Amino acid sequence: MKNKESTPFGTGMSSLLMIFVVLCLTVFGVLAYMTARADDRLTQRSAEMVQAYYQADAAAEEALAQLDAALLELEPEAALESAGFTVDGGPETWNGSLEISIQDTRVYQLQVVVEQGSYRVTARQTVDHAVWEEEYLDVWDGQ
Amino acid sequence: MNKLSRIQSFFLEMAFVIFFFSLAAAVVIRFFAAGNQLSQHSQDANGAMLAAQSWVEQLNVPEAIPDESEKWVFYYNSQWNPTEEPSDFQMTVSVQPEQTAAGTLCRYDISVMPEGGSEELFHLNTARYWPEKGDVS
């Protein structure tokens with residue numbers, strides 16, 4: 001009876017091992033690339049939002065400069081309107097409101113009060129006008 | 001099958017395995033390298049954005065209102081810490097003041113880029129109004 005000499009690994013085992021390793025490497029490589037790409041896209045969106053916000057901020061500062069210059073020559077109500085503000089109030093104290101669109105549903109809101117020939121900023125904020133979809137949850141009230 | 005034939009088939013299979021593994025590894029390494037490059041770019045862009053924002057926010061309390069156009073350059077290292085000497089990144093701030101009847105409107109142009117590089121990481125335009133009288137608010 002001949003003793004059969006056999007190799008420790010059968011024919012094809014190394015090929016199978018290679019296929020498995022390559023599959024794993026490919027999956028990890030693709031996952032790493034897609035994660036990095038998603039991060040980069042998020043960074044780009046953040047950068048766009050920041051740029052849009054500061055552009056709106058610059059527009060608000062220009063409106064304040066226009067208002068301050070107009071107050072030297074015009075009445076408060078006319079000065080506010082010339083600077084693009086929505087006017088309310090009077091005759092001693094005038095309220096002005098300005099909304100500058102930032103992105104999509106976000107607006108930069110600036111509110112000023114004009115009295116005795118000078119203005120004072122009372123509010124400077126970012127407001128989101130997005131409409132939330134109402135979700136109704138049928139919660140048991142105990143009865 | 002004699003021993004020599006078995007050894008030959010083993011080495012032939014090994015040669016094919018090594019060949020195809022090399023090809024696959026070359027492709028996968030490109031994926032990893034591209035992912036690393038994107039990740040580094042994203043990190044740099046984030047740091048640039050924060051550095052520009054931090055500088056703009058300090059404008060609310062000015063030390064001096066410029067009378068004429070000025071340009072400042074600030075340097076940052078790889079961790080985005082400010083440095084005196086040119087390092088990994090630089091932020092260029094250009095200011096153009098406009099005199100109005102009641103004050104000064106300063107327009108700021110901020111650009112952040114790698115030191116010695118050409119690709120701009122982040123760019124920001126903003127403005128600040130300084131009235132001649134009264135408080136800045």
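Does Trp80(B) count as buried or exposed, and at what relative accessibility? Keep that residue in mind while the tour begins with chain A of this predicted model.

Select chain A and colour by secondary structure, where 2 helices and 4 strands appear, in the order α-α-β-β-β-β from the N terminus on; helices here are DSSP runs of H or I with at least four residues, and strands are runs of E with at least two. Zoom out until the C-alpha atoms fit the view, since they fill a box of roughly 120 × 55 × 15 Å along the principal axes. Of the 143 residues of chain A, 29% count as buried, a word that means under 20% relative accessible area, while exposed means over 50% and partly exposed lies in between, with a 1.4 Å probe and protein chains only.

Next, select Gln116(A), which lies in the loop between β3 (106-115) and β4 (118-128) of chain A. Gln116(A) has a positive phi of about 55° although it is not a glycine, and it is exposed, with a relative accessible area of 82%. Most residues other than glycine have a negative phi.

Now move to chain B and select Trp80(B), in the loop between β1 (70-76) and β2 (82-83). Trp80(B) also departs from glycine in name but has a positive phi, of about 60°, and at 16% relative accessibility Trp80(B) counts as buried.For reading the selections, residues are numbered from 1 along each chain as its sequence is written, and chains are lettered from A and ligands numbered from 1 in the order written. Local features need pLDDT of at least 70 and side-chain atom pairs 80 or more, while totals for chains, interfaces and linings use all residues, and side-chain values use heavy atoms, without hydrogens and water.
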